[in-house]
2 protein chains.
Amino acid sequence: MPLSYQHDALIAIRYPIGFYILAVIQADLLRRVAHEVLRRAGVRDEHRQQQIDLLMEADLRGVSSHGLLRLERIVQRISNGVSDPHAKGSHVWRAPGFLAVDGERGLGPVVANHALEALKPRARENGVALAAITNSNHIGMLGWYAERMAQEGYTLIALSTSEALVHPWGGRMAMLGTNPIAIGIPTGDAPFMMDTATSVVSMGEIHDHANRGQPIPSGWAVDRAGNPTTDANAAKQGAIGPFGQAKGYALGLAFELIVSSLSGAAIGREVRGTLDDTSICNKGDVFIVIDGPRRDLQAYLEEIRKLPPAEGYDAVLIPGERGRACREKRLNEGVPVADEVWNRLQALACIEATA
Amino acid sequence: MPLSYQHDALIAIRYPIGFYILAVIQADLLRRVAHEVLRRAGVRDEHRQQQIDLLMEADLRGVSSHGLLRLERIVQRISNGVSDPHAKGSHVWRAPGFLAVDGERGLGPVVANHALEALKPRARENGVALAAITNSNHIGMLGWYAERMAQEGYTLIALSTSEALVHPWGGRMAMLGTNPIAIGIPTGDAPFMMDTATSVVSMGEIHDHANRGQPIPSGWAVDRAGNPTTDANAAKQGAIGPFGQAKGYALGLAFELIVSSLSGAAIGREVRGTLDDTSICNKGDVFIVIDGPRRDLQAYLEEIRKLPPAEGYDAVLIPGERGRACREKRLNEGVPVADEVWNRLQALACIEATA
């Protein structure tokens with residue numbers, strides 16, 4: 001099915017931001033183009049759906065570093081044979097509540113969702129169940145999994161490792177992944193979901209500053225020699241700081257150790273395959289699924305929302321809700337995407353670029 | 001068995017720090033006096049051992065806010081009937097891997113250890129098992145549990161809530177506990193253990209600054225009206241900031257929700273009984289126990305230890321190891337305790353004060 005569309009009707013705005021030109025694309029169009037890209041890469045319907053949903057949700061919620069920007073790499077990895085779009089991962093139950101997953105080089109969200117589906121009945125039976133995954137590709141924005149599991153009545157703690165990009169507190173060199181954690185909790189109404197890297201920022205944000213020619217705030221990163229820097233280009237060659245100094249370092253390190261020890265995944269500087277096109281991805285993921293909560297948490301969350309905000313803040317926010325509001329807006333008004341990304345997506349979908 | 005000792009031989013040094021006078025007490029003497037205090041409060045051998053071990057380990061590792069400083073409150077709570085030194089908590093298995101614990105007002109470490117013992121065989125059978133505890137007293141330094149479980153070959157994730165002392169990021173008022181997390185992981189050698197509150201500091205440190213007449217660093221706390229303050233006395237009436245700004249807030253809130261939803265414990269400003277002598281303690285604790293790791297993590301940790309330290313740092317540290325070094329030193333050289341605390345302990349043990 002060839003894809004065609006009317007440019008003017010669908011691209012609402014294109015405007016420059018620093019060195020970028022930003023295109024605002026209707027969500028449906030963006031999704032269709034992305035599907036076409038993966039269809040041409042030989043990814044079958046069901047798996048395509050999961051991969052595109054994950055990336056689209058990131059763009060919709062304002063986390064463009066985890067959005068369709070990543071699609072070209074995914075295609076390249078399939079084409080280079082380090083990612084198998086047909087694999088769902090093979091499952092071995094080491095114990096009734098402990099699922100060991102060999103991801104068989106599958107797409108991150110496909111392997112992850114397949115594991116989560118297997119965990120649900122076990123969490124119901126045992127109260128809690130976990131999966132330790134390796135040999136799977138980048139699983140993207142962890143909050144996507146946390147929110148969906150919470151919607152279905154499960155508490156999820158999700159951990160994932162990545163290439164070493166973060167320096168230990170007091171150190172000069174990257175030795176830890178950005179090691180995010182997401183937690184989803186059913187609350188009786190909209191599920192609670194938080195999702196954060198244990199680095200002070202993402203490497204994507206540092207690249208973004210470099211692209212815009214802007215300095216980075218002090219405390220974000222060190223340069224190649226391990227000295228603090230506000231030069232974004234120097235930081236690209238260096239390492240990002242852990243969030244919250246020694247405390248965030250301790251958490252990020254604990255997550256690296258848990259994921260590696262439970263899944264057998266690579267650790268520290270051995271980790272490969274989430275930032276390149278040619279290495280087999282050897283990071284790991286851990287999901288802990290707990291059967292539901294006992295308690296309605298809405299009154300408490302509502303109490304927090306209603307707090308008077310501090311000087312300089314408009315409101316006290318609940319994690320995840322700003323992303324949800326952004327999602328609503330972008331579904332209605334279109335999704336801002338770097339023009340370069342949009343052009344590449346169209347090229348990969350074999351559509352004439354709108355530039 | 002009355003307790004007697006030779007003062008001069010056992011108190012190595014007493015010296016003033018700000019408004020404090022610090023006594024350095026031999027660890028064995030401190031332990032014996034503390035045991036005598038709890039013996040007189042009617043706490044039987046086995047339970048006394050656990051409570052004193054927990055407090056002593058905090059003092060030995062340099063976490064005096066969670067050390068014997070707290071013993072008088074524990075005695076008062078027993079005497080006021082809000083803490084039952086004989087209770088171990090009653091257990092209901094909601095599922096093979098989900099233990100619901102009614103702490104029956106027992107001593108925190110007694111109820112916690114009893115739950116952990118029950119979790120071990122279930123974690124071995126199921127791969128993972130969890131306990132959700134409420135109606136139990138303060139469980140103290142979470143790292144104590146994490147390190148011991150890791151020594152025995154289990155990965156432990158420990159969460160606990162507390163009175164609301166921490167403001168949401170962007171808010172003016174305390175709505176969250178200091179909600180610590182500890183993680184213990186077997187590594188093949190000394191176990192890995194990290195333990196941190198999700199607040200930027202403890203309320204104990206703010207009281208400490210107030211007692212010394214020192215200002216607190218900006219960013220630690222807000223005053224009663226919710227405005228940032230560096231006045232430690234104003235901060236005592238206000239709220240502590242979350243560590244790592246919005247990220248630490250998201251984590252602290254997620255932990256508050258997980259603990260409350262799984263255990264049925266009180267939440268937010270409803271929480272009572274860890275800072276007073278008269279309220280039944282209604283906070284909650286959650287332990288997730290995972291059966292062992294697959295991987296030897298020593299080489300990686302060693303690689304981190306050997307990193308060149310950043311400007312201004314002597315070494316790159318692994319969480320928990322500074323505390324362990326402090327422990328060794330204090331076992332040999334004595335434990336610094338505020339003179340006032342030492343005098344109160346002796347009074348409670350009905351020993352003539354050394355002042």
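Student: By what turn and what shift along the axis can chain A be laid on chain B?

Tutor: Two copies of a chain are related by a rotation about an axis and a shift along it. Here a turn of 180° with a shift of 0.0 Å along the axis lays chain A on chain B, with an RMSD of 0.0 Å; the superposition is by least squares on the C-alpha atoms of residues with pLDDT of at least 70 in both copies. The two copies are thus related as by a two-fold rotation axis. In chain A, the C-alpha of A:Gly244 is nearest the axis, 1.9 Å from it. Before we go on, a word on the basis: this is a predicted model, where local features need pLDDT of at least 70 and side-chain atom pairs count only at pLDDT 80 or more, while totals for chains, interfaces and linings use all residues. Residues are numbered from 1 along each chain as its sequence is written, chains are lettered from A and ligands numbered from 1 in the order in which they are written, and side-chain values use heavy atoms, with hydrogens and water left out.

Student: Which domains does the assignment give for chain A?

Tutor: Domain bounds come from an automatic or database domain assignment. For chain A it gives domain 1 (3–79 + 322–354) and domain 2 (90–199 + 241–290). Their centres, taken over C-alpha atoms, are separated by 25 Å.

Student: How many residues of domain 1 of chain A are in contact with domain 2 of chain A?

Tutor: Contact means heavy atoms within 4.5 Å. By that rule, 18 residues of domain 1 of chain A meet 25 residues of domain 2 of chain A. Buried area is the accessible area (1.4 Å probe) that two parts lose on being put together, summed over both. These two domains bury about 1,700 Å² between them, 54% of it on carbon and sulfur atoms. On the domain 1 side, A:Leu54, A:Arg77 and A:Arg324 lose the most area to domain 2, together 37% of what that side buries.

Student: How many salt bridges are counted between domain 1 and domain 2 of chain A?

Tutor: A salt bridge is a side-chain nitrogen of Lys or Arg within 4 Å of a carboxyl oxygen of Asp or Glu. The count between these domains is four. A:Arg77 also forms a salt bridge with A:Asp276, their closest N and O atoms being 3.5 Å apart.
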